[in-house]
Amino acid sequence: MKTDISLKKINKLAFPALVAGIAEPLLSITDTAIIGNIENNAIESLAAVGIVGAFISMLVWVFGQIRSAISSIVSQYLGANKLEEIKSLPSQAITIVVVLSLLVIAISYPFSETIFKFYNASGAILKYCVEYFNIRILGFPFTLFTFAIFGVFRGLQNTYYPMLIAITGAVLNIFLDYLFVYGFADIIPAMYIKGAAYASVIAQITMAGLSAILLLKKTAIPLKIVLPIHPEIKRLLGMVFNLFIRTLALNLALYFGTAYATSYGKEYIAAYIIGLNLWLLGAFMIDGYASVGNILSGKLLGQKDYKTLIELNKKLLKYAFVLGSVFIVLGTVFYKPIGTLFTKETAVLEQFYLAFWVILAMQPLCAMTFIFDGVFKGLGEMKYLRNVLIFATLIGFVPTLLFFDALDFKLYAIWIAFTVWMFFRGIFLFFKFKRKFSLLAQKQ
């Protein structure tokens with residue numbers, strides 16, 4: 001049966017995926033907004049939350065690639081009508097990623113101060129980084145568990161349940177943030193930055209629990225580990241490894257951006273963190289449509305329907321460009337209020353407003369690049385994605401940052417480098433897709 005790629009079908013998958021996709025960045029954004037408005041040490045606390053958020057986002061992206069790998073394999077088997085053959089795969093994959101997350105905690109927790117010194121944090125900022133991280137990292141295994149189950153649901157063409165889970169986690173996190181950061185009467189003391197961390201961890205645990213319940217109740221996929229090891233584990237781990245290397249390159253760019261912004265001064269790093277959180281929010285919102293590329297391209301590949309695959313990609317690119325343009329309009333209209341939502345510090349806002357227009361201008365380019373990312377993940381082209389991102393980082397981002405930093409462009413240097421980085425990522429994926437699948441479609 002021909003796969004439906006109508007606008008109605010795409011939006012039915014994309015909107016819930018969009019909501020689910022912003023769950024993790026929303027935790028950081030909520031912490032950033034609330035912490036940025038506390039009365040004492042607001043700039044230092046805001047900078048610390050941003051630095052730790054960047055590091056934890058790096059960990060989530062590196063190890064959370066299990067979601068894309070599981071989604072790709074499940075959707076391909078679904079398209080080939082062989083879903084029964086991989087029922088034991090998800091539980092084995094989830095076990096592997098959770099064990100890895102516990103190893104990450106064991107390694108990073110004792111050396112948290114050293115880690116954030118590497119980000120150029122010092123003094124009060126370093127102190128707050130350590131306090132926030134040592135609590136927030138405890139939610140890491142639960143986040144990866146949730147991401148892995150999201151991958152199963154995506155492979156099954158279901159983005160509705162991940163949306164419900166994400167909404168629950170986000171609402172709970174906002175409520176607990178206010179409760180723990182500011183305190184409640186004489187019952188709950190104000191915990192400030194520690195309170196924000198506790199709120200995030202509780203939200204992550206809740207999301208993991210809901211994920212497990214819905215998977216067991218609404219699908220035929222078990223969580224019980226069944227031996228022997230599934231044959232597809234080798235391919236899945238190969239995908240995860242390539243995405244792992246790719247994400248290290250991605251986070252090398254994020255590290256340079258954060259480290260350079262920190263070196264400019266606390267006003268700059270605070271302004272950069274606000275901009276980065278907004279940029280990441282846009283990225284995860286586009287992920288709704290990128291997820292459709294991931295979900296449907298895997299299924300179409302399993303069906304060997306290359307003509308529909310090309311048509312799907314064209315539609316998704318068009319929608320992404322429109323959505324990116326909408327971000328520009330909204331960002332322009334609410335340019336000033338967006339900044340004051342995060343902080344009232346004049347020095348921070350001054351630097352944020354100077355560079356925010358660059359973040360807005362790059363949104364359509366980012367949106368289209370993220371679509372190609374999603375499609376290529378669904379196709380299982382993880383090795384090519386890895387190579388493209390390494391090239392874009394080492395040949396595009398780093399030289400551009402060094403060049404404009406030498407001209408003393410400061411935050412402009414960072415965001416111009418990100419723009420060049422996104423261009424390199426998108427253009428290579430465009431030509432690869434066109435060359436490979438145009439030929440396959442002609443042979444049908």
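# Exercises on a predicted helical model

In this predicted model, helix H9 is followed by Gly 183, whose phi is positive, near 85°. The exercises below begin with that helix.

**Exercise 1. Determine which span helix H9 should have at 1.5 Å a residue, and compare it with the distance between its end C-alpha atoms.**

Solution. Step 1: helix H9 covers residues 160-182, which makes 23 residues. Step 2: the expected span takes 1.5 Å times one less than the number of residues, and for H9 this gives 33 Å. Step 3: the end C-alpha atoms of H9 are 33 Å apart, which agrees with the expectation.

**Exercise 2. Locate Thr 159 and decide whether it is buried or exposed.**

Solution. Step 1: Thr 159 belongs to the loop between H8 and H9. Step 2: its relative accessible area is 3%. Step 3: the limit for a buried residue is under 20%, so Thr 159 is buried. Step 4: as for its separation from Ile 233, the two residues are 74 positions apart in sequence, and their C-alpha atoms are 24 Å apart in space.

**Exercise 3. Describe the largest cavity by its volume, its lining and the helices that supply the lining.**

Solution. Step 1: the structure contains five cavities of 30 Å³ or more, and the largest has a volume of about 420 Å³. Step 2: 25 residues line this largest cavity, and Trp 61, Arg 67, Asp 287, Phe 370 and Lys 377 lie nearest its centre. Step 3: the helices that each supply at least two lining residues include H3 (42-63), H4 (66-79) and H16 (363-378). Step 4: helix H12 gives the most, with eight residues. Step 5: by character, the lining comprises eleven nonpolar, seven polar and seven charged residues.

**Exercise 4. For the salt bridge between Glu 232 and Arg 235, state the N to O distance, the placement of the two residues and their accessibility.**

Solution. Step 1: the side chains of Glu 232 and Arg 235 meet at 2.9 Å, N to O. Step 2: both residues lie in helix H11, three residues apart, which is about one turn of the helix. Step 3: an α-helix has 3.6 residues a turn, so residues three or four places apart point the same way. Step 4: Glu 232 is buried, at 12% relative accessible area, whereas Arg 235 is partly exposed, at 32%.

**Exercise 5. Explain which parts of the chain the salt bridge between Glu 381 and Lys 436 ties together.**

Solution. Step 1: the side chains of Glu 381 and Lys 436 form a salt bridge of 2.4 Å, N to O. Step 2: Glu 381 is in the loop between H16 and helix H17 (382-406) and Lys 436 is in helix H18, so the pair joins parts that are 55 residues apart in sequence. Step 3: Glu 381 is buried, with a relative accessible area of 15%, and Lys 436 is partly exposed, at 34%.

**Exercise 6. Give the number of salt bridges in the structure, and name the residues that form a network.**

Solution. Step 1: the structure holds ten salt bridges. Step 2: Arg 246, Asp 373 and Arg 425 are linked in a network of such bridges. Step 3: a further pair is Glu 84 and Lys 87, with the closest N and O atoms 3.6 Å apart. Step 4: Glu 84 is exposed at 61% relative accessible area, while Lys 87 is partly exposed at 25%.

**Exercise 7. Assess the confidence of the prediction for the chain and its elements.**

Solution. Step 1: the mean pLDDT of the protein chain is 86, and 95% of its residues reach 70 or more. Step 2: among the elements, helix H2 (residues 23-35) has the lowest mean pLDDT, 68, and H17 the highest, 95.

Notes:
Residues numbered from 1 in each chain as written. Predicted model: local features only at pLDDT ≥ 70, side-chain atom pairs only at ≥ 80, totals over all residues. Heavy atoms only, no water. Helix = DSSP H or I, 4+ residues; strand = E, 2+ residues; numbered from the N terminus. 1 Å grid on protein atoms, 1.4 Å probe; cavity = no way out; pocket = protein on both sides within 12 Å on 5 of 7 lines; lining within 4 Å. Points joined across faces, edges and corners; volume = space filled by probe spheres on them. Nonpolar A, V, L, I, M, F, W, Y, C, P; charged D, E, K, R; others polar. Salt bridge = Lys/Arg side-chain N within 4 Å of Asp/Glu carboxyl O. Buried < 20%, exposed > 50% of the residue type's maximum accessible area, 1.4 Å probe, protein only. pLDDT = per-residue confidence, 0-100.
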